[in-house]
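Here are some notes for a colleague who is opening this entry for the first time. Please keep the sequence and the model side by side while reading the points below.

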Amino acid sequence: MLETLHRIVQEVNAAASLEQALAIIVSRVKQAMAVDVCSVYLTDETARKHVLMATDGLRPESVSMVKLDMGKGLISLVYESAEPINLENAPDHPRYQYIPETGEERYHGFLGVPIIHHRKMKGVLVVQLRGARRFADDEVSFLVTIAAQLSGAIAHAQASGEITQLEVSSQQSSQPFNGQPGSPGVAIGQAVVFYPAADVEAIPDRKIDDVEAEIELFKNAVKAARYDIQTLVERMHSVSTMEDTTLFDAYLLMLDSESFNGKVIAEIGQGNWAPGALRITVLEHIRFFNAMEDPYLRERAEDIRDLGRRILSHLHQTKDKTEFPAGTILVGEEITATMLAEIPPGQLAGVIAVRGSRTSHVAILARSLGIPAVLGVRDLPVNRLDGREVVVDGYTGRVYVSPARAIVSEFKRLARDEELLSAELKQLRDQPSVTPDGEAVPLLANMGLLADISSSLSFGAEGIGLYRTEFPFMARDRFPGEEEQYQVYRQILESFHPRPVTLRTLDVGGDKSLPYFPIHEDNPFLGWRGIRISLDHPEIFMVQIRAMLRASAGLANLSILLPMVTSVSEVDEALHIIRRAHHELMDSDKTIVMPRIGVMIEVPSALYQLPALARRVDFFSIGTNDLTQYLLAVDRNNDRVAELYDSLHPAVVSALNTMIATANQLDKPVSICGEMAGDPAAVILLLGMGIQSLSMTAASIAAVKWVVRSFTREQCAQIVNKVLALESPYAIRQLLNQALENAGLGGLVRAGR
Ligand code: PEP
Ligand code: MG
């Protein structure tokens, strides 16, 4: 059963359309379970109907025609109960309904299972038997598993408008795709799909005008691929076994085959570009091979994929590079920081990705560039978006594809308001960050991703609260030496002097790996990370500390921050190394003063050891990104659980309240350097709890300054008291957003002014 299940799932995942996926499911399930009927009903909530979308066993003409009323019949019963219904003899059940349009006979054995995606009912998958029989447990679990796999494909198709016939009363393009807000702001623009050059499955469809020229390109790419393989065969002949060359012969046959080439050319004839036509053809062939009973033939699916990659690489050589029009909305399965860097400045208007969440590094980069981003849009049909108009709402995490006119004009209005707002915010640049009751709250910048010193200064940063030193380490092919590091650190310390600069020691591991220092672990976020690596490699740590200390000579504006501290012994060991380095360097340069040393409070254990830590260090910096992930046991990068990751969770809020109060009692300076510090709603809370300074993406400084200048500490403290009584992140966010709205700052947390 497992083998069959695996094959069906593979085929469904490779299906070109929902219709095809459903057809595969009904026929394969009917065969595998030896039943007389297998059908899929999808639910149209607006019309309150369950629509027959695919069947193997009932009359084919009844597909799309049969629409069952909600609240009646067995299909509705499965839908309402959201549980499998397994009946030996369906006609005996009080909810049984005979539906004459579907077929001539009555079926007895009935098993219906719900199709659920992200807790939402999508429809029902049913199998039926002529005879009377109850289905066995393993049959039920088989069908439940198939339905779970199907749910993703359906949600995908619904959101992309592929099954609009279901949505009788709602316009296709008014239905947004939902993801995680990655970076605030709104944008309207043209989708440009970015995909890894060797990934056939990720190629988008793209419209072309000149079909003949495109066919020519394809034929040339095939010719070039054939030449490559022939050369390979010749080269290998002397050394290779028979099997190896037979494989290449099979490749050559495939390259000449009518079924392959003819299909690609036919797809190009429909107006699709050659890479898109190639994707459709390769996936169709993969499906065909995957469906084979013979395991040897099934493995040929991988050869087809390889062949597709070879042709694709030649197509890429002749195709123009992707163009990025003004107002490009970059779309991809996964968008990385380097991809963003490839877009010419000024052309990029927004970012949308299937993977990632608000604390992924691409989100941090988008925020620092001031570009709206929505991440973790798991149902996004990336292949079909290229060239389409899209609207990105980085506040709510919504994306509209080919939106209705009314939506476009509403977002245009909001975008104009946003521009006004950002012009107003710019004026705050030279204003002090002081509360109305006269308390200064220094706002500092986080740096490291793009070491853009001038932009941090131009946003009015009062210093660097967090410099992530791992980024200069990532951009090299070996550990940078003391001199190289010295140059980087010196430039930052000098540029900001006399303002303070906090350099954090190397924090690799987790999701940040160095190409030349790979770490393979089952649970990297609970593994070898941050200070743990530094202490295990004192030779690397010592070089970094020396470079930092030397860079501070004569400036005295350096603070050193230790990441991922779990135990006080780690601080003792690190201090020992830092003091030793200082002692050694002092001999040659008396202007190097001992820097202030701080610990990141980002592991829950640190929260319970504040007095012991306070006896050892000069300041605390709370890393809310990791603290949230470790307190809630939610991976900060996993889009599957992204909805659970929320720094406004009551547990995180309560932990922050305790931490800030304790630090204040201990008379230890405390600041926040996680992403929360740049979230205007969260800032009200942090001010109310008594935070002394905040460090954030430089682009958020103006917005946060507006909050600081609008609320007294007393007002914030009153809001904290109300928030501490709330029990859900949603309620907390609502209350804080409302407070901003009441003070006339609503434009900071939603689209518009
Ligand atoms: C944090 O964890 O909050 C933090 C600032 O560090 P990073 O995001 O680099 O892990
Ligand atoms: Mg961290």
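Which polar side-chain atom lies 3.0 Å from an oxygen atom of ligand 1?

1. The answer is a polar side-chain atom of Glu-602, which lies 3.0 Å from an oxygen atom of ligand 1. Please bear in mind throughout that this is a predicted model, and that the distances quoted here are computed from it.

2. Two further contacts with ligand 1 deserve a look, one to a backbone and one to a side chain. A polar backbone atom of Thr-624 is 3.1 Å from an oxygen atom of ligand 1, whereas for Asp-626 an N or O atom in the side chain is 3.0 Å from an oxygen atom of the ligand. On its own, ligand 1 has 290 Å² of accessible area, and the protein covers 100% of that area.

3. The surroundings of ligand 1 consist of 15 residues, and the closest of these are Arg-468, Arg-504, Gly-623, Asn-625 and Arg-636. Sorted by class, the shell holds eight charged residues, together with four polar and three nonpolar ones.

4. As to which elements build that shell, strand S16 (464-468) and helix H21 (624-632) each supply at least two of its residues. Helix H21 gives the most, with three residues.

5. Where, then, does ligand 1 sit? Ligand 1 is placed in the second largest cavity, a cavity that holds about 90 Å³ of space. The second largest cavity is lined by 14 residues, of which Arg-468, Arg-504, Asn-625, Asp-626 and Arg-636 are the closest to its centre. The elements that give two or more residues to this lining are S16 and H21, and by class the lining divides into eight charged, three polar and three nonpolar residues.

6. The structure holds five cavities of 30 Å³ or more, and the largest of them deserves its own point, with about 290 Å³ of space inside. Its lining is made of 21 residues, and those closest to the centre are Tyr-41, Tyr-96, Gln-97, Ile-99 and Gln-128. Helix H3 (73-81) and strand S6 (120-129) are the elements that give two or more residues to the lining of the largest cavity, and the largest share, three residues, comes from H3.

7. How do the residues that line the largest cavity divide by class? Twelve are nonpolar, five are polar and four are charged. For the second largest cavity, by contrast, the lining includes eight charged residues and three nonpolar ones.

8. Two points of backbone geometry should be checked by eye, given that most residues other than glycine have a negative phi, and most peptide bonds are trans. The peptide bond from His-497 to Pro-498 is cis, with omega near 5°, and Pro-498 is found in the loop between helix H15 (482-496) and strand S17 (501-504).

9. The second point concerns Ala-82, a residue other than glycine whose phi has a positive value, near 55°. Ala-82 has its place in the loop between H3 and strand S4 (85-87); H3 is also the helix that supplies three residues to the lining of the largest cavity.

Notes: Residues are numbered from 1 along each chain as its sequence is written. Chains are lettered from A and ligands numbered from 1 in the order in which they are written. This is a predicted model: local features need pLDDT of at least 70, side-chain atom pairs count only at pLDDT 80 or more; totals for chains, interfaces and linings use all residues. Side-chain values use heavy atoms; hydrogens and water are left out. A residue is near a molecule or strand if one of its heavy atoms lies within 4 Å of it. A polar contact is a pair of N or O atoms within 3.5 Å; within protein, one must be able to donate a hydrogen and the other to accept it, and residues adjacent in sequence count only if both atoms are side-chain atoms. Accessible areas come from the Shrake-Rupley method with a 1.4 Å probe; for residues, only the protein chains shown count as cover. On a 1 Å grid over the protein atoms alone, a cavity is a set of points where a 1.4 Å probe fits but cannot get out, and a pocket is an open set with protein on both sides within 12 Å along at least five of seven lines; lining residues have an atom within 4 Å of a point. A molecule sits in a cavity or pocket if more than half of its atoms lie within 2 Å of its grid points. Helices (H or I, at least four residues) and strands (E, at least two) are DSSP runs, numbered from the N terminus. Ala, Val, Leu, Ile, Met, Phe, Trp, Tyr, Cys and Pro count as nonpolar, Asp, Glu, Lys and Arg as charged, and the others, Gly among them, as polar. Grid points are joined across faces, edges and corners, and a volume is the space filled by probe spheres set on the points.
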